[in-house]
Amino acid sequence: MRLPPGVSSADFADAIKQFQDAVGKEWVFTSDEDVDLYRDSYSPFWHEDEEPIPSAAVAPDGVEQVQAVVKIANKYKIPLWTISTGKNLGYGGSAPLLGSSVVLDLKRMDRILEVNDKNHYALVEPGVSYFDLYRYIQDNNLKVWIDPADPGWGSLIGNAVDRGGGRTPMRDHFDAHCGMEVVLPNGEVMRTGMGALPGSKTWQQYRYGFGPYVNGMFSQSNLGIVTKMGFWLFPEPEAYLTGTVSVPKRDDLGPLVAGLAYLMNSSIVLGTTSVASPLNFLRGDAELAALRAKPGGPSTQELEHYLQEKNMGYWSIELPFYGPAKVVAAQWEYAKEKFSGIEGATFKEGTLHRFPVDPKELPQFQNSVAVGIPSLSVFGVGGTRSEGHVWFSPIVPMTGEAVLEAQQVFADAYKEMGMSIGPLFFLGPASNYPRCFLVLFGFPIEHDVEKNKKNRENFKRLIKVAAEHGWGEYRTHTAFMETVMDTYSFNNHALRRFHETVKDALDPNGILSPGKCGIWPKSMRKASA
Ligand code: ADP
């Protein structure tokens, strides 16, 4: 059996016995067969000793059991790695950052504690997946939408604390939460916001409570275990309409994105959209391939002409509108007016859907996630030959200039690395978060040690290239957390020092998720340097 760093086999055996007493023997997993299930199936360390495999997993079924596990971990200084459902593939899955940690698996805590369709919120435990909550809402005929992450099998809490995003107006998942219950590293339970007031009637309605607002300290963090979390839900809208705006010239990107930013920041468009170009999806086209093969590549005019011939814009965005049918129609009218200043802009109205949708209509949705219906269809993206990917996910400004610059900078960086931006560069630049663009690159994982070694080096290089241009990752795979935190270095790493000070105060034994986001407990800090 693997042993957590610095823990003797006798102590570990005692701890395992005590975990079993706390949660039940069948919920402590130590066999290779069971523990293997917690490995990251998209690990960039396949077939290498460096792969961080857990030593065991413990699955409590309630907050008292979580507290008991934390107390035992403190006694024996055993690192715990918290997961809710452990499905954040591309960012680490269910595997710990530090090898031989014990995975604290909260999947069994899957109670939906409340769904309110008058004030539009839910209170859930960590094991509740998007599918679970969606089914509950359907079964009870409640008039609220959830905002699923692209793969709907993950949990609301795991995704929100990792600051994941979706597509509807509630798409910034951490921003959409209201109120938490947290088990602290010393085993104490705390409720935040109005939850700190015993008998509070507004835990899921008013976020801040009284005094410093601490909730952010428990996202992308190793300071607590979130055991309950409230979420604001979107009232089921009357209608959903999309409208696509296409513009003919490369230089139209500036006014196109400026118009989008205006519409989003004025709350006229509130959903995820992305700037698309047919040049990305026409990769296999022979004429385009011939243009690209020209010495020095095609000129902008040649590309513009080629697209014009095909009756396609150089850029397009599909705007999502949610609300009463009259309102979405007016919003689309207004958007068209806004973009009509761009010469040659064309507009295409999508189907207006009304809710609840007739199940027969469902196949019409290319992406049901945009209308609050969880799905797993995103797994089609990597194609059949994919062995997995890690996400490279920088945030760039919502301007045309920034998009063109990012495109150039990353294309050059990929070229230098001897790679091409593959078809997985599919989601960028997207408005999953307000006021900025998220650019998402799927970076390949292979079952080939040499290729993975090279890919890891390349991934680190991309992080640095992005940082040199003022773009930071919003989230990263456990393998790159240290490198990303290194780039957030203003005033000689003042932010990391702050995190370390808090970590040392709250978790002196360093038991919770060591190394998460580059934050190590004092006892392990040197080893990480
Ligand atoms: P999902 O359930 O959406 O698949 P994960 O369980 O993979 O999400 O969690 C994503 C990351 O968020 C984990 O690596 C972990 O660091 C953190 N996390 C997940 N659940 C919790 C929780 N209940 N409390 C604190 N951190 C958590």
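Let's start with Lys87: one of its backbone N or O atoms sits 2.5 Å from an oxygen atom of the ligand. That fits the cut-off for a polar contact, which is a pair of N or O atoms within 3.5 Å (within protein, one must be able to donate a hydrogen and the other to accept it, and residues adjacent in sequence count only if both atoms are side-chain atoms). Before going on, keep in mind that this is a predicted model, where local features need pLDDT of at least 70 and side-chain atom pairs count only at pLDDT 80 or more, while totals for chains, interfaces and linings use all residues. Residues are numbered from 1 along each chain as its sequence is written, and side-chain values use heavy atoms, with hydrogens and water left out.

Here are three contacts to an oxygen atom of the ligand:

| Residue | Atom on the protein side | Distance |
|---|---|---|
| Lys87 | backbone N or O | 2.5 Å |
| Ser155 | polar side-chain atom | 2.6 Å |
| Asn159 | polar backbone atom | 3.3 Å |

The protein covers 96% of the 550 Å² of accessible area that the ligand has on its own (Shrake-Rupley method, 1.4 Å probe; for residues, only the protein chains shown count as cover).

So who's in the shell? The ligand is surrounded by 21 residues, and the closest are Ser84, Thr85, Lys87, Ser155 and Lys516; a residue is near the ligand if one of its heavy atoms lies within 4 Å of it. Strand E3 (80-83), helix H5 (156-161) and strand E10 (225-232) each bring at least two residues, and H5 gives the largest share, four residues. Helices (H or I, at least four residues) and strands (E, at least two) are DSSP runs, numbered from the N terminus. Because domain 1 (9-105) and domain 2 (112-235) both give residues to the shell, the ligand lies between them; the domain bounds come from an automatic or database domain assignment.

Now for the cysteines. How many disulfides does a search of the whole structure find? Zero, with a disulfide taken as a pair of cysteine sulfur atoms within 2.5 Å. Take Cys517: its closest cysteine sulfur, in Cys436, is 17 Å away, so that is too far for a bond. Cys517 is buried at 13% relative accessibility, and Cys178 is buried too, at 1%. Buried means under 20% relative accessible area, exposed over 50%, and partly exposed in between (1.4 Å probe, protein chains only).

Finally, Leu98 lies in the loop between E3 and strand E4 (102-105), and at 15% relative accessibility Leu98 counts as buried. Its C-alpha atom is 7.8 Å from that of Ser513, although the two residues are 415 residues apart along the chain.
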